[in-house]
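Dear colleague,

I am handing over the structure we spoke about, and below it you will find my notes on what turned up in it. Please read them with the structure open beside you.

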Amino acid sequence: MAKYPRALHGALQISIRVFGEIISLPTLLSPWWWKDLDFARKLPFARDRVVECYFWILEVYFEPQYFRARRILTKVTALTSIIDDIYDVYGTLEELVLFTDAIERWEKSALDQLPEYMKLCYQALLDVYNMIDEEMAKDGRSYRAIYAKSAMNKLVRAYLEEAKWCHEGYVPSIEEYMRVALVTCGYKMLATTSLVGMGDLVTEEGFKWVSSDPLILEAASVICRLMDDMVGHKVRTHKKIWSKLEHARMNPYSNIML
């Protein structure tokens with residue numbers, strides 16, 4: 001057998017593992033879960049990113065023992081992308097207030113107050129978090145679902161605050177903007193949710209720690225937020241909020257530390 005350089009051998013091993021993960025994607029997400037939701041047709045304004053989200057999560061943990069963690073985080077991330085688009089590009093302010101209230105309640109009865117297009121997303125969200133509830137309860141770790149829901153609640157409240165700024169034409173200070181934008185980048189919610197399916201490796205202390213906004217998570221959120229804003233600047237310059245942030249970056253006398 002030919003001998004390969006160590007680096008090449010490592011690359012081949014990774015390629016084989018990634019190929020295996022591609023094949024296992026339908027199994028990971030339950031048979032046709034995303035296809036049955038049919039968001040691409042029913043919510044044409046929203047981005048269809050489930051494969052992209054899966055490969056992103058694969059970079060977080062690729063080891064076989066984290067199969068459950070990947071399944072949970074991929075579903076939550078894909079739905080969060082849909083929710084983000086509802087807040088950012090489609091929902092009216094009145095609808096978004098109702099949507100936020102429904103998510104914070106986590107009750108099936110809240111469906112009645114939502115417009116039809118929101119009902120699709122809300123039901124899918126309930127189904128995923130009910131799945132998390134049931135699986136964690138079987139393992140005696142119900143506290144994990146509580147932390148996961150709390151993190152999602154914080155995210156949608158921040159989404160709503162940004163939506164109010166845009167709908168009302170309010171231009172926040174840079175300090176106000178960053179306070180909310182470090183939540184809407186999603187890292188804090190995703191960091192919490194990433195721990196849910198990791199088995200015995202994570203304890204409740206880990207959830208308490210990540211919920212305390214540790215410095216490493218704050219720094220990662222700053223990097224994510226500013227990279228996202230810079231990439232999206234060309235398509236968002238019509239919004240005064242983003243223009244003001246861009247002005248602050250370009251102003252050497254700005255009093256915000258970026």
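In which helix is M227 found? Before answering, please keep in mind that this is a predicted model. M227 belongs to helix 12, which covers residues 215-236. On the surface, M227 joins I223 and M230 in a nonpolar patch, and together these residues have about 320 Å² of accessible area.

Turning to the interior, the largest nonpolar core is made of 62 residues, and those with the most contacts inside it are W34, F99, Y122, Y129, I132 and M152. Several elements give two or more residues to this core, including helix 2 (33-37), helix 4 (50-60), helix 6 (93-105) and helix 8 (142-168), while helix 7 contributes the most, with 12 residues. If residues up to four places away in sequence are not counted, F99 touches I83, I86, Y87, L114, M118, C121 and Y122. Apart from this core lies another one, of 10 residues, with A158, I174, V180 and L182 among them.

One more residue may be useful for practice, namely T80, which sits in helix 5 (residues 67-90). Is T80 buried or exposed? Its relative accessible area is 10%, and because buried means under 20%, T80 counts as buried. Once neighbours within four places in sequence are left aside, T80 is in contact with M152, L155, Y159 and M189; of these, M152 is also one of the residues with the most contacts inside the largest nonpolar core.

With best wishes

Note on methods:
Residues numbered from 1 in each chain as written. Predicted model: local features only at pLDDT ≥ 70, side-chain atom pairs only at ≥ 80, totals over all residues. Heavy atoms only, no water. Patch = residues over 30% accessible without salt bridge, like charges linked within 9 Å, V, L, I, M, F, W, Y side chains within 5 Å. Areas by Shrake-Rupley, 256 points an atom, 1.4 Å probe, with all protein chains shown as cover. Salt bridge = Lys/Arg side-chain N within 4 Å of Asp/Glu carboxyl O. Helix = DSSP H or I, 4+ residues; strand = E, 2+ residues; numbered from the N terminus. Buried < 20%, exposed > 50% of the residue type's maximum accessible area, 1.4 Å probe, protein only. Contact = heavy atoms within 4.5 Å. Core = buried A, V, L, I, M, F, W, Y, C linked by side-chain atoms within 4.5 Å.
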